[in-house]
Amino acid sequence: MIEVVINSEWCKGCGLCVHFCPKDCLSMGSEINAKGYSYPVFGNEEECNGCTACGKLCPDLAINIYRYKDI
Amino acid sequence: MGKKILVSGNEAVGYGAIYAGCTHYFGYPITPQNEVIEFFAREFPKIGRSFLQADSEVSSINMVGGAAAAGVRAMTTTSSTAFSLMQEGLSAIAAMEVPCVVVDVQRGGPGAGSTQHAQMDYLLATRGSHGDYFNMVLAPFSVQETFETIQLAFHLADKYRHPVLVLTDGIMGQMEESVDLKTVEFEPLPEKDWAVTGSRERGLKRNFLHNSPGILGFMTGDTYRSNLERSYAKYKRMKDTEVRYQAKDLDDAEIILIAYGSTARVTARAQYEARAEGLKVGMIRPITLWPFPTDIIKKYAEKVKGFIVVEDTMGQMVEDVKCVVAEKTEVHLVGFLDRHLPTSTGMILPDVVLNRIKAVA
Amino acid sequence: MMAEADSRKVLCEPPKSRLPVESPLCPGCQHGVIGRILGEVIDELGIQGDTICIAGVGCHAMILFTTNVDFLQALHGRAPGIGTGVKRGLNGKKIVFTVQGDGDLASIGMGDIIHAAIRGEKLTVIFCNNSAYGTTGGQMAPTTLVGQSTTTSPGGRQYESAGFPVHIAELLATFPGVAYSARCAVTSLAEYAKTKKALKTAFQKQIDGVGLSIVEILSACPPSLKLNSVKAVEWIKEHMMAEFPLGEFKNVDETLPAYILKGS
Ligand SMILES: Cc1ncc(C[n+]2csc(CCOP(=O)(O)OP(=O)(O)O)c2C)c(N)n1
Ligand code: SF4
Ligand code: SF4
Ligand code: SF4
Ligand SMILES: [Mg+2]
């Protein structure tokens, strides 16, 4: 299982993670952070392959990604 | 006593650097300081120190800043028109609080001016370039003193974490005198724990040097205000403790001559001749041009008939003297127009100073 | 708890040498991605404690907020000179790199970088090319494309009066003292990986004492382009890469002169 954790306070709402995700796992949410930016939400989780494109290409390092062994 | 050698003022800069433990020299050719860069190119590699001819004075001052930021004693030398090119770099070095030494073997200006002697960089050197900062400025008047002043300059630079300038000129640089090679002893200095050397030994706690007190100051725990307050407290300490000058025959003086560097040699001769003729003439030779020896001038301002400032310009240091004297007495200038020739080789000779003394007396 | 930790594998976290602070850059500024790659390379080479960064003046310099190595901020364009001083001041024993922008390196500091290359200075240069002056408000840079509109080339850069974009990676590759020169981008995960490899190679050239190494990285500056972040990246792919081809322009293990005058 892949977990994509958004650090919403570091996010600036640029949308690049949504753009780069090959599996449509991310979409911009309706919540806003303290700076007034809307930030993405992780959904469609089964599809995520842990490619890390969203995390590595986020200019604000606002995405951490973890893989969990199936228990 | 050390070894005695006969060298030019320019070479004495090099010997001074060796004795001061300067390990890195960066420079670019310009008359009348070429003997200095050639000295370093020749002598530094022999003793395992680092010489680099930079691509411009803009680069050499930044290279000096970099090497000094790494914690070594670094310097450059240049002359007037190129000294102008170093101004942005010097301001940044002062802002970074990095100690280094810059020698300006003054030539004539403005512009490329002349390749001969002059003292026209006084205001630029003592005022510094943009922003609120000052350089410490030392002005030797002999080859021996040049040799020792370089050592003092490195000491003061390290003591205050600040750039120190040494002002000589074409005459001072080209003339030869004997030098007693000896290491000048100073009080111990603090560790350079601020130097950027890689953070491994500091447990990855990084050192951070910057020249933007108003932008990045907060990174080091400073506001813009606290930063400038701190540097001005430093300038006050310099003013309180580092003023240096040589005074002669002031007690009964009716006229006091003020001159530094090469013109101080001429002026000293005139003072000597004036005394021989029974004229009550004294002399002050500022050794630190910044901080300027204001107190000693102030002390005599109400006692004397006048001051005569002798400097090879249309009038720069004379403004500092006037500022101190505050119209309590007369301030005269023997300057560029008093040279014996209208060309760039013209010089201010002792006779013209003596004649002025008689005119004022 | 142990079991949980063991069963978790980190795929993406900020590099260790990256300070845990927010980036001060605009939304979508790819300088931030460059900073991340730099952090990964520093971590993987294990050089955090032996490295000194010289920042130029421009948004690219904001890497100094986020990268935890010894730092020196240069004047605009002067990072190669400052870097030369630091490198030589430390007798060549530490790793020194500059981070410079296209205004910083290719305009005001062009002479400085060319001479660092001429000297084969043992420095690594990270050249952030966003085809504009980001910091000062999106003015024309030497790398601005012909036809690209900026605040000082309002109708688009005219080559008849403002000349042509300068190709730094190719230019520096021509100098004998340069060990490595490449142009990269961060427009996809694949390009990210190539950039990281190039930067690692560049640092290795310095560690091996070969010569100057430079990696030019195309970077999107959405405000200068007046595009949103996604369109700005697309613009890089479509237009900037048309002018500035990606690739390695030099990769040598030895720098040698073509001719040596003997016996003089
Ligand atoms: C000597 C000098 N001239 C001009 C400036 C103003 N200035 C600051 S940043 C900058 C341009 C930066 O552009 P670039 O190097 O491309 O960096 P970017 O912001 O695009 O990353 C300029 C002109 C300055 N700080 N110093
Ligand atoms: S790429 Fe980063 S900053 Fe941009 S929207 Fe996604 S999480 Fe936020
Ligand atoms: S790791 Fe890859 S697949 Fe998963 S959300 Fe991020 S970009 Fe999409
Ligand atoms: S102006 Fe451009 S270069 Fe500067 S932070 Fe914003 S996006 Fe980045
Ligand atoms: Mg730019």
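1. C:Phe203 is buried, at 0% relative accessibility. This is a value from a predicted model, as is every other value in this note. The ring partner of C:Phe203 is C:Phe97, and the two are edge-to-face, with 5.4 Å centre to centre and 80° between the planes. C:Phe97 sits in strand E4 (residues 95-101) of chain C and C:Phe203 in helix H9 (residues 189-207) of chain C, so the pair ties together parts 106 residues apart in sequence. C:Phe97 is likewise buried, with a relative accessibility of 0%.

2. A second edge-to-face pair is made by B:Phe134 and B:Tyr235, at 5.6 Å centre to centre and with 90° between the planes. B:Phe134 belongs to the loop between helix H6 (122-127) and strand E6 (136-138) of chain B, and B:Tyr235 to helix H9 (residues 224-241) of chain B, so parts 101 residues apart in sequence are tied together by the pair. The relative accessible area of B:Tyr235 is 3%, which means that B:Tyr235 counts as buried, the cut-off being under 20%. Over all chains, the search finds 16 aromatic pairs.

3. Other rings in chain B are also worth a look. B:Tyr15, B:Tyr25, B:Phe39, B:Phe40, B:Phe44 and B:Phe51 are linked into a cluster by ring pairs. In two places a basic residue is set over a ring: B:Arg285 over the face of B:Phe141, 3.6 Å from the ring centre, and B:Lys303 over the face of B:Tyr300, 4.9 Å from the ring centre.

4. The largest nonpolar core has 108 residues, and the members that touch the most others are B:Met75, B:Ile297 and B:Phe307. Helix H7 (residues 143-160) of chain B gives the largest share of this core, 7 residues. Apart from this core lies another, of 49 residues, which includes C:Phe97, C:Ala185, C:Leu225 and C:Val233. In soluble globular proteins, nonpolar side chains tend to be buried together.

5. What does B:Met75 touch, leaving aside residues up to four places away in sequence? The contacts are B:Val13, B:Ala17, B:Cys22, B:His24, B:Tyr25, B:Phe26, B:Phe40, B:Val64, B:Val101, B:Val103 and B:Phe154. B:Tyr25 and B:Phe40 also belong to the ring cluster of point 3.

6. Two ligand shells can be compared by eye. Ligand 4 is surrounded by residues of chain C, including C:Cys26, C:Cys29, C:Cys59 and C:Cys221, with C:His31 and C:Asn130 also among them. This shell divides into 7 nonpolar, 3 polar and no charged residues. Around ligand 3 are residues of chain A, including A:Cys21, A:Cys25, A:Cys48, A:Cys51 and A:Cys54, together with A:Lys23 and A:Phe42. The division there is 8 nonpolar, 3 polar and 1 charged.

7. Of the 2 pairs of chains that touch, chains B and C have the most contacts. Chains A and B do not touch, and their nearest C-alpha atoms are 19 Å apart. One residue to inspect for the B and C contact is B:Gly89, in helix H5 (residues 87-96) of chain B. Residues up to four places away in sequence aside, B:Gly89 touches B:Ile61 and C:Leu75. B:Gly89 is buried, with a relative accessible area of 5%.

8. Two cis peptide bonds need checking in chain B. One joins B:Thr31 and B:Pro32, with omega about 5°, and B:Pro32 is in the loop between strand E2 (24-27) and helix H2 (34-43) of chain B. The other runs from B:Trp290 to B:Pro291, with omega near 0°, and B:Pro291 is in the loop between strand E13 (288-290) and helix H11 (294-301) of chain B. Most residues other than glycine have a negative phi, and most peptide bonds are trans.

9. Positive phi values occur at residues that are not glycine. A:Asp24 has a phi of about 55°; this residue lies in the loop between helix H1 (16-20) and strand E2 (26-32) of chain A and is exposed, at 62% relative accessible area. B:Ala326 has a phi of about 50° and lies in the loop between helix H12 (317-325) and strand E15 (330-334) of chain B. At 45% relative accessibility, B:Ala326 is partly exposed. A glycine, C:Gly120, takes a positive phi of about 60° just after H6 of chain C.

Notes
Residues numbered from 1 in each chain as written. Chains lettered and ligands numbered in written order. Predicted model: local features only at pLDDT ≥ 70, side-chain atom pairs only at ≥ 80, totals over all residues. Heavy atoms only, no water. Core = buried A, V, L, I, M, F, W, Y, C linked by side-chain atoms within 4.5 Å. Buried < 20%, exposed > 50% of the residue type's maximum accessible area, 1.4 Å probe, protein only. Helix = DSSP H or I, 4+ residues; strand = E, 2+ residues; numbered from the N terminus. Contact = heavy atoms within 4.5 Å. Phe/Tyr/Trp six-rings, centres within 6.5 Å; stacked < 30°, edge-to-face > 60°. Lys NZ or Arg CZ within 6 Å of the ring centre and 35° of its normal. Near = heavy atom within 4 Å. Nonpolar A, V, L, I, M, F, W, Y, C, P; charged D, E, K, R; others polar.
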